[in-house]
Amino acid sequence: MTVTLADVAARAQVSPATVSRVLNGNYPVAAATRERVLRAVDELDYVLNGPASALAAATSDLVGILVNDIADPFFGIMAGAVQSEIGGPGGRAGGERMAVVCNTGGSPERELTYLTLLQRQRAAAVILTGGAIEDAEHADAIAGKLRRLTEAGTRVVLCGRPPSPDTDAVALTFDNRGGGRRLTDHLVNLGHRRIGYIAGPEERTTTRHRLEGHRAALAARGVPDDPALTVHGPYDRRSGYDATDELLRRAPDLTAVVAANDTVALGACAALRDKGLRIPDDVSVAGFDDLPFSIDAVPALTTVRLPLHEAGARAGRIAMSKEKPPPGGVATVHGELMVRGSTAGPR
């Protein structure tokens with residue numbers, strides 16, 4: 001027999017209206033009363049009619065988290081941190097929210113499709129992680145989707161992504177330029193002048209910003225920026241391996257390789273070892289992000305640590321209204337240079 005809201009009210013010895021207030025989280029209820037209602041919900045295994053409840057309320061219990069590649073620790077860490085913050089008072093069934101991770105695979109079309117689906121589901125919040133695609137038409141389409149979401153009551157947070165102008169989306173943007181500059185500054189300070197750069201996909205904001213930081217460091221120190229020493233590719237190990245082979249073909253005298261991220265850096269290290277080159281004695285290697293495996297690489301990677309978990313958790317708190325948005329709706333998250341064994345001493 002189906003358990004009804006009235007059955008829960010009778011078990012908890014409260015009115016049906018009080019049960020509704022506890023489950024919808026839209027009205028203050030005494031802690032003891034709330035606990036009694038939630039215990040009755042558990043004992044009776046009561047299931048709220050989610051779609052009907054979402055229609056009655058402005059939003060549902062759904063939280064959408066858009067990632068480029070869930071298998072990439074960069075995105076997995078942020079998604080996990082967001083999910084750790086989306087429970088607690090304020091939602092139905094005891095305040096829990098259901099996180100749905102949407103894996104776009106880097107596809108602009110899929111990104112737009114997921115935003116449309118989340119809008120149809122009246123998502124309580126949507127968090128978009130990682131860099132944006134550098135295409136004016138796509139940026140306009142994304143901004144339109146974000147405006148429609150926020151107008152419908154959905155809270156939108158961009159985590160690790162530049163702000164979206166003319167929307168109410170909150171942006172926690174990574175200082176990729178600053179991190180890229182500090183990394184290359186470190187190598188130049190060690191005496192490196194022939195520095196190969198393995199950049200990410202050309203259409204990504206993260207790629208452009210990190211590369212701009214690298215070039216700014218070279219320019220500030222009077223080191224020529226040789227276009228032949230920059231190779232673009234995906235953010236994966238294979239790309240790092242192949243790009244390093246290409247860089248060595250173009251410039252056998254290079255003394256350092258800066259990789260778009262730590263995964264790419266591992267591929268670069270493998271290519272150097274296969275060529276019989278020692279790290280860092282012959283060629284230094286640096287990455288970006290400080291993913292968990294970076295410190296366990298041999299030698300441990302010099303990299304820029306982005307506080308991915310902290311940023312994801314903050315995005316989750318803002319999305320759940322547990323934390324106020326930053327002034328102006330935008331905050332910059334800075335990275336920290338982590339100097340380890342993969343970069344050499346003075347050349």
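**Exercise 1. Decide whether cysteine 269 is buried or exposed in this predicted model, and do the same for cysteine 102.**

Solution. Begin with the cut-off, under which a residue counts as buried when its relative accessible area is under 20%. Cysteine 269 has a relative accessible area of 4% and is therefore buried. For cysteine 102 the value is 3%, so this residue is buried as well.

**Exercise 2. Work out why cysteine 102 forms no bond with cysteine 159, and state how many disulfides the model holds.**

Solution. A disulfide is a covalent bond between the sulfur atoms of two cysteines. The criterion applied here asks for two cysteine sulfur atoms within 2.5 Å. The cysteine sulfur closest to that of cysteine 102 belongs to cysteine 159 and lies 15 Å away, which is too far for a bond. By this criterion the count for the model is zero disulfides.

**Exercise 3. Determine how strand β3 (residues 125-129) is enclosed, and which strands it pairs with.**

Solution. Start with burial: five of the five residues of β3 are buried, so the strand is largely enclosed by the rest of the structure. Taking the faces in turn, Ala125, Ile127 and Thr129 are buried on one side, while Val126 and Leu128 are buried on the other.

Next, consider the pairing. Strand β1 (residues 62-67) runs parallel to β3 and is joined to it by four bridges, with isoleucine 65 partnered by isoleucine 127 of β3. Strand β4 (residues 155-159) also pairs with β3 in the parallel sense, over five bridges, and here valine 126 has valine 156 of β4 as its bridge partner.

Finally, trace the connection: β3, helix α8 (residues 136-151) and β4 together make a right-handed β-α-β unit.

Note on methods
Residues numbered from 1 in each chain as written. Predicted model: local features only at pLDDT ≥ 70, side-chain atom pairs only at ≥ 80, totals over all residues. Heavy atoms only, no water. Buried < 20%, exposed > 50% of the residue type's maximum accessible area, 1.4 Å probe, protein only. Helix = DSSP H or I, 4+ residues; strand = E, 2+ residues; numbered from the N terminus. Pairing = 2+ DSSP bridges. Right-handed = clockwise from strand over helix to strand, strands pointing away.
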